[in-house]
Amino acid sequence: MAGRKITVIGSINMDLVTSTNQIPKVGETVLGHSFHTIPGGKGANQAVAAARLGADVTMIGAVGDDSFGEILVDHLTTQGINTEHISKIKETSTGVATIVVSDGDNSIIVVSGANNDITPEVIEKHEDKILNSHILLLQLEIPLESVIRSAELAKKHGVLTILNPAPIQKLPKELLEMVDYLTPNEHEQALLFASLDETEQEIEKLKEKCVVTKGSKGVTIYKSGKEIKIPSIEVEVMDTTGAGDSFNGALAVALSDGAEVEDACRFANVIGAISVTKLGAQSGMPTKKEVEEFLQVHKME
């Protein structure tokens, strides 16, 4: 599954993760017991997931002119991703997510930083890269107007587009009509449909584009008005962080290789299952070799 080109347009963040026994109240200082900087951002995560499976992946995004930006671009390059189309924005910080973890709960502050500089004009500069792709993979951590422009260019050139609608927000009808696949989780699907002013017939048509991830309950797709449930794979779960991004990257790889959506979902389920057996988002994403070993052990094709 390595021959076809996947372009990811989206966010690149550094996650700043602090673990503590209690989350401080306003004006309070507490001691933490660990701190880690971890590459993140939904766009970067999904690019890494696809690249580790052997795909030819290009990342279009932006970082600031700071040390985090340099580290993140170097990291993506070492993952085999084409980083030539990542802009470095002067006098701007790289996107960060400050995460405080305590007793399994977390509080998160996201500062988009350079991700906000991925404007429609920036997207247009990369039209040649989009038209030479087989799959365009999008999320919602960059400005919505840039996501729309990306989808427009993909539609213009006949490039198959996958939109992972996260973080969920109200989406214009024009965007929903342009994309080929929507990959919400169960919660996101409910909010997305509740926000639409569509007729029942239009909603049913939209469902045909949906690949709904449901964690341990597997994946649901829709064909000819019928709901098709694809079961999950039972594994010992260590960390679910990045499981959705792993699934999306793998789905793009399988579809780019010509798989039917149901088979693509089964493959992506395997990747999602492997990812949750390890700690971390990108660090838990499997390579082709790890996938082959997993399939052998579980006697799967």
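Okay, so before anything else, one term: a strand here is a DSSP run of E, at least two residues long, and strands are numbered from the N terminus. Two strands pair if DSSP finds at least two bridges between them. Also, keep in mind that what we're looking at is a predicted model.

Let's start with the hairpin of β12 and β13. There are two residues between those strands, and S224 takes a positive phi near 50°. The pairing itself is antiparallel, with five bridges between β12, residues 219–223, and β13, residues 226–230. If you want a spot to click on, V219 stands opposite I230 in β13.

Now, V219 has a partner on the other side too: in β11, that's T213. Strand β11 covers residues 211–213, and three bridges join β11 to β12, again antiparallel. These two also make a hairpin, this time with five residues between them, and G215 in the turn has a positive phi of about 60°.

So is β12 mostly covered or mostly open? Mostly covered. Four of its five residues are buried.

Okay, over to the other end of the numbering, and strand β1, residues 5–9. Four of the five residues in β1 are buried, so the rest of the structure largely encloses this strand.

Who does β1 pair with? One partner is β4, residues 56–64, in the parallel sense over five bridges. Look for V8 there, whose bridge partner in β4 is M59. Another is β8, residues 135–138, also running parallel to β1, with four bridges. For that one, find T7, which has L136 as its bridge partner in β8.

Key
Residues are numbered from 1 along each chain as its sequence is written. This is a predicted model: local features need pLDDT of at least 70, side-chain atom pairs count only at pLDDT 80 or more; totals for chains, interfaces and linings use all residues. Side-chain values use heavy atoms; hydrogens and water are left out. Buried means under 20% relative accessible area, exposed over 50%, partly exposed in between (1.4 Å probe, protein chains only).
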